[in-house]
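I opened this model to look up its fold, its core and its charged pairs. My entries follow in the order I made them.

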Amino acid sequence: DLIVSGFSKKNILSITKKAAMIEINYPPKLEKTPGVFSLISNELAQRDISIINSVISSQEHIIVVDESDILRSFDLIHVLCN
């Protein structure tokens, strides 16, 4: 509520509660590897895990999922990154 009160209602498109974030940092050698985010998002989708939001840069991905899916998401991403 404190954060929402700092914005005008017309500037708030939606509010998502009970979301969780996974931050993935990649080594520089993966910068030019195509399809890294695609692989992760496809694997999550196959397990019925929706990505609520994401931020993607060349060496970092931030993936937001429902709080109830965070452990399954983390375990899957951990396996993919090893």
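I count two residues as in contact when heavy atoms of theirs lie within 4.5 Å. With that rule I looked at how far apart in sequence the contacting residues are: of the contacts in the chain with a separation of 6 or more, 62% join residues 24 or more positions apart. I note here that the model is predicted.

**Overall fold**

I listed the secondary structure and got 2 helices and 3 strands. Along the sequence they come in the pattern β-α-β-β-α. I then checked the radius of gyration, which is 15 Å; the globule rule gives 12 Å for 82 residues, so the chain is more spread out than a compact globule. The C-alpha trace spans about 40 × 25 × 15 Å along its principal axes. I also looked up burial and found that 24% of the 82 residues count as buried.

**Nonpolar core**

Which residues make up the largest nonpolar core? I found 12 residues: Ile22, Ile24, Tyr26, Val36, Phe37, Ile40, Leu44, Ile49, Ile63, Val65, Leu76 and Ile77. E1, H1, E3 and H2 each supply at least two residues of this core. H1 gives the most, with 4 residues.

I picked Ile40 from this core and looked up its partners. Leaving out residues up to four places away in sequence, Ile40 touches Ile24, Tyr26, His61, Ile63, Ile77 and Leu80.

**Helix H1**

I went through H1 (residues 36-46) for burial. Its buried residues are Val36, Phe37, Ile40, Ser41, Glu43 and Leu44. Seen down the axis of H1, these residues fall within an arc of 160°, so they line one face of the helix. What do the buried residues of H1 pack against? I found E1, strand E2 (51-56), E3 and H2.

**Helix H2**

I checked the length of H2, residues 70-81, against its geometry. At 1.5 Å a residue, its 12 residues should span 16 Å, and the end C-alpha atoms are 16 Å apart, which agrees.

In H2, I found Ser73, Leu76 and Ile77 buried. They cover an arc of only 95° around the axis, which puts them on the same side of H2. Leu71 and Val79, on the other side of H2, are exposed. I noted that both exposed residues are nonpolar by name, Leu and Val. The cover over the buried residues of H2 includes strand E1 (19-25), helix H1 (36-46) and strand E3 (60-66).

**Salt bridges**

How many salt bridges does the chain have by this rule? I counted 2.

One joins Glu43 to Arg47, with the closest N and O atoms 2.7 Å apart. I looked up the accessibility of both partners. Glu43, at 18% relative accessibility, counts as buried, since the cut-off for buried is under 20%. Arg47 has a relative accessible area of 37% and is partly exposed. Glu43 is also in my list of buried residues of H1.

Another joins Arg72 to Asp69, with the closest N and O atoms 3.1 Å apart. Asp69 counts as buried at 13% relative accessibility. Arg72 is partly exposed, with a relative accessible area of 41%.

**Positive phi values**

I searched the backbone for positive phi in residues other than glycine. Lys18 has a phi of about 60° although it is not a glycine. Lys18 lies in the segment before E1. Is Lys18 buried or exposed? Lys18 is exposed, with a relative accessible area of 60%.

Asp48, also not a glycine, has a phi near 60°. I placed Asp48 just after H1, in the loop between H1 and E2. At 66% relative accessibility, Asp48 counts as exposed, the cut-off for exposed being over 50%.

Definitions and conventions
Residues numbered from 1 in each chain as written. Predicted model: local features only at pLDDT ≥ 70, side-chain atom pairs only at ≥ 80, totals over all residues. Heavy atoms only, no water. Expected span 1.5 Å × (residues − 1). Buried < 20%, exposed > 50% of the residue type's maximum accessible area, 1.4 Å probe, protein only. Arc of directions from axis to C-beta. Core = buried A, V, L, I, M, F, W, Y, C linked by side-chain atoms within 4.5 Å. Salt bridge = Lys/Arg side-chain N within 4 Å of Asp/Glu carboxyl O. Rg over C-alpha atoms; globule rule 2.2 N^0.38 Å.
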